[in-house]
Amino acid sequence: MSLLQGTRITWLGHATVLVQTAKGTNILIDPFIAQNPKYPKDFVLPEKIHYILLTHGHGDHISDVVPVAARHGSTVVAIYELAAYVAGKGVANTIGMNLGGTVQLDDVAATMVEAKHSSAAEDETGTHYVGVAAGYVLSVADGPVLYHAGDTAVFGDMKLIAELYRPEVAMLPIGGHFTMGPKEAALAARYLEPKIILPIHYGTIPELKGTPEELAAVVDAKVQVVRWAPGESI
Ligand code: NI
Ligand code: MN
């Protein structure tokens, strides 16, 4: 896809996405692998994953962060409290940041943006405060601007994300129940003005009923809704 200018995006089911830039930076967002019913079981992750980005502390977004970071030598980027939490679980290298901030990850400028969702991490000792839920804008040098919304409802300040960063590709949850569904994602697209929507966070479990077809039926005609299966790339 020409607007991606060599950046490859692979969906690994649910909200798990692998971004690989033309210059060779590998970024994995929200690693949910062992317990992910839609993870493409034959998929081989790149040997080196330079960065893992976490949107929030729910298990379906962080459950494999510790083993993946160890095996693939990754630095984990998350909101400050969640970064501290995963460091306490054994992640060696973390970058804690917060909403509105940008960190330079080799050729990718990663900006943490707002999401409307809850965020807590659960383990055998109970439920832990790990900051608020977030999304990321990834501005690839000499490449595209990508937005991964994390888990979120639609919100009016998506217009600020569009005004500030002009994302061309928006990874939006569409399953409903725990996030926005297709109707709300269509309004999100009107605010964000992406060229392409990559639907995520749908079809994983029966509650997540929203489909790309429903989104395509209600979204503005100029926006392309990609229908992809886990393990496929654009
Ligand atoms: Ni969540
Ligand atoms: Mn989720």
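The exercises below concern a predicted model and each is followed by a worked solution.

**Exercise 1. The manganese site**

Find the protein donors of the manganese ion (ligand 2), state how they are spaced in sequence, and say which of them bridges to the nickel ion (ligand 1).

Solution.
- Step 1. Donors are N, O and S atoms within 2.8 Å of the metal. The residues that supply them to the manganese ion (ligand 2) are Asp-60 (OD), His-61 (NE2), Asp-151 (OD) and His-201 (NE2), at 2.1 to 2.3 Å.
- Step 2. Along the sequence, the spacing of these donor residues reads D-H-x89-D-x49-H.
- Step 3. Asp-151 is the bridge between the manganese ion (ligand 2) and the nickel ion (ligand 1), and the two ions are 3.2 Å apart.
- Step 4. His-61 belongs to helix α1 (residues 59-62), while His-201 sits in the loop between β14 (196-200) and α6 (212-218), so this pair ties together parts 140 residues apart in sequence.
- Step 5. Both His-61 and His-201 are buried.

**Exercise 2. Salt bridges**

State how many salt bridges the model has, then describe those of Lys-89, Glu-114 and Asp-220.

Solution.
- Step 1. The rule asks for a side-chain nitrogen of Lys or Arg within 4 Å of a carboxyl oxygen of Asp or Glu. The count by this rule is 5 salt bridges.
- Step 2. Lys-89 pairs with Asp-123, at 2.6 Å from N to O. Lys-89 is in the loop between α3 (80-88) and β6 (94-97) and Asp-123 is in strand β9 (residues 120-123), so the bridge ties together parts that are 34 residues apart in sequence. Lys-89 is partly exposed, its relative accessible area being 36%.
- Step 3. Glu-114 pairs with Lys-116, with 3.2 Å between the closest N and O atoms. Glu-114 is partly exposed at 28% relative accessibility, and Lys-116 is partly exposed at 43%.
- Step 4. Asp-220 pairs with Arg-190, with 3.3 Å between the closest N and O atoms. This pair links distant parts of the chain, 30 residues apart: Asp-220 is in the loop between α6 and β15 (224-225), and Arg-190 is in helix α5 (residues 182-192). Asp-220 has a relative accessible area of 26% and is partly exposed; Arg-190 is partly exposed at 46%.

**Exercise 3. Strand β3 and its partners**

Describe how the side chains of β3 point, and in which sense β3 pairs with β2 and with β4.

Solution.
- Step 1. In strand β3 (residues 26-29), Asn-26 and Leu-28 point one way, Ile-27 and Ile-29 point the other way, and all are buried.
- Step 2. Strand β2 (residues 17-20) runs antiparallel to β3, joined by 4 bridges. Leu-18 is opposite Leu-28.
- Step 3. The two strands make a hairpin with 5 residues between them, and Gly-24 in the turn has a positive phi of about 100 degrees.
- Step 4. Strand β4 (residues 51-53) pairs with β3 in the parallel sense over 3 bridges. Here Leu-28 is opposite Ile-52.

**Exercise 4. The two faces of helix α2**

Work out which residues of α2 are buried, which exposed residues lie on the face turned away, and what the buried residues pack against.

Solution.
- Step 1. Val-65, Val-68, Ala-69 and His-72 are buried in helix α2 (residues 65-72). They lie on the same side of α2 because they cover an arc of only 100 degrees around the axis.
- Step 2. The face turned away from the buried side carries the exposed residues Ala-70 and Arg-71.
- Step 3. The buried residues of α2 pack against β3, β4, α1, β5 (75-79) and α3.
- Step 4. Gly-73 follows α2 and has a positive phi, near 65 degrees.

Definitions and conventions. Residues numbered from 1 in each chain as written. Chains lettered and ligands numbered in written order. Predicted model: local features only at pLDDT ≥ 70, side-chain atom pairs only at ≥ 80, totals over all residues. Heavy atoms only, no water. Buried < 20%, exposed > 50% of the residue type's maximum accessible area, 1.4 Å probe, protein only. Pairing = 2+ DSSP bridges. Arc of directions from axis to C-beta. Contact = heavy atoms within 4.5 Å.
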